[in-house]
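Trainee: I would like a close look at one part of this model. Please start from a single residue and then go on to the helix packing.

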Amino acid sequence: MQREEERSSTTSTPQRTLVPVESDIDVMKSYDAERKGSPKEDIEVECVMPIPPGTSVTPDVIESPKHSRAMSDEAKKSHDIPYDAEKGRMNANSDEVQETDTPQEEYQYPDGGWRAWSVVFGGSCVTFSTFGLVNAWGAFQAYYENVKYPDHSPSTIAWVGSIQYSLIFVPGIIVGRLFDQGYFRAPFVVANVLLLLATFLIPECKQFYQTLLCQGILTGLAAGTMFSPILAVMSHWFKARRQLAFGLLAVGSSIGGTVFPLIVRAALPAVGFEWTMRILGFVLLGTTLVAQILLRPRLPPRRTHQRLIDLSQFRNVAFSVYTAASVIGFLGIYTMLTYVATYATQRGVSQSTAYNLVSIANAASLIGRLTTGLLADKYGPLNVMTPFTFAAAIFTYAWPSTRTISSLIPLTVLYGTSSGAFVALVGSPVVSMGTLDSVGERTGMLFSMTALGALSGPPISGAIRGSSHSSDPGRAWLPVGVYAGTMVLVAVGLMCLTRRMVLGRWGKGVI
């Protein structure tokens, strides 16, 4: 009787065996061997996996009616366990990204693959349609000064472009916060509709204030709302190759800034201003439609009950100093791009050739954006953008000294390459200045503050130019070059200070 009770207790209690293994393959082999050499009773096998020193790992546990064991992500996928490779975790019930308290740093990142690169392409379509359009303002500045609004001063007309530049950053403080909480699609779609509406309304504007409202305010706000969450979306898909993704993202801006002035130059004499703007509108319709299809965030939103606008990020002193560097940099970085066409016409260059200078600067910036994107993954975005921005300051100083188109074109190429690095990487350093689940908030605050520089820079330069009564273009524009170059140079100094604060030293380090 006693033996029967012992036998029944033995068969009813699962056996627990400790099996040290070296890999996921060994896990499965050990389990198969255990099953072949054991009765059909339930067996629970606990596997002890070797973990490298200093690595903190919380393995997922796969459970079934027959066994329970710890396996890596690779083993789960190889044994047909319901698994979401994009999220890097088990996902047996739903494909939807749900709200979570898990830090986003713990998730896996594709860092490639057709889906991730398609998101980059969609983001490039956004920068093409927003920053590319805004960067083409130099062509509109020259047209408005010479044709449509000749009775307005260059400084007054420049306010339209400056408002565009600034408002493309302003929505970030709200849109970035909304993105962190899971609201991406609705603001993006509404802004897309407003951008198209504004573009088709611009040729209907007959008074300068109407152009200011439509092309300046409405276009700027719509473009800013679309652009603000894009860096955060890229951060959901890339980690090791994030700076390369950012560089490719910025390529869209260079292509747009090159293509749009060329369209303006070719279409204006052929079909007039009204149909030129309509052509631009149809181009934007196509590129933004592609972006709507391809773009989507990947990680769950942050669970928070904080205010929509939270300035606590500025408690990080390094972040605050870097924000100041970006604001001051934008006071001068866009001056040459805004006025190079006007300066060229005053030097006797034809209007069509002057429009081409804007395209040349933007095409050259593509080299700077792509090159710095490749370098930044290895050396750090701040380390790469600082010397390029220093070079942009030097070229801005030299700009008023050019006297012929043969000297102006090479300088424009050099300026475009160096300034493109600043614009492409300006948002990248703040990604690492805090947790990833608040990256939308930080980039939004950065871009909202830089709006102050983008808004004030070109009009200040125009006012400086207007205060000079010299008939010699070189003398008249020299104070403009000195002002803009100095602002960029001060920004470089603050970037170096930010690097010192983050690394804790002046020596080598990736940041």
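Trainee: Is Cys125 buried or exposed, and what is its relative accessible area?

Mentor: Cys125 is buried, at a relative accessible area of 9% (buried is under 20%, exposed over 50%, partly exposed in between, with a 1.4 Å probe and protein chains only). The model is predicted, with local features needing pLDDT of at least 70 and side-chain atom pairs pLDDT 80 or more, while totals for chains, interfaces and linings use all residues. Residues are numbered from 1 along each chain as its sequence is written, and side-chain values use heavy atoms, without hydrogens and water. Cys496, by contrast, is partly exposed, at 32%. Searching the whole structure gives 0 disulfides (pairs of cysteine sulfur atoms within 2.5 Å).

Cys496 falls within the range of helix 19, residues 473-503 (helices are DSSP runs of H or I, at least four residues, numbered from the N terminus). The axis of helix 19 comes within 7 Å of that of helix 13, residues 317-332, crossing at roughly 165 degrees (axes are lines fitted to C-alpha atoms over the stretch in contact, with angles from 0 to 180 degrees between N-to-C directions). The two helices are therefore roughly antiparallel (over 145 degrees). Their crossing is left-handed (the near helix is turned anticlockwise from the far one by less than a right angle). Residues that meet there include Val321 and Ile328 in helix 13, and Met487 and Leu494 in helix 19 (contact is heavy atoms within 4.5 Å). This contact divides into 19 nonpolar, 3 polar and no charged residues (Ala, Val, Leu, Ile, Met, Phe, Trp, Tyr, Cys and Pro are nonpolar, Asp, Glu, Lys and Arg charged, the others, Gly among them, polar).

Technical notes. Angles under 35 degrees count as roughly parallel, over 145 as roughly antiparallel, 65 to 115 as roughly perpendicular and the rest as oblique.
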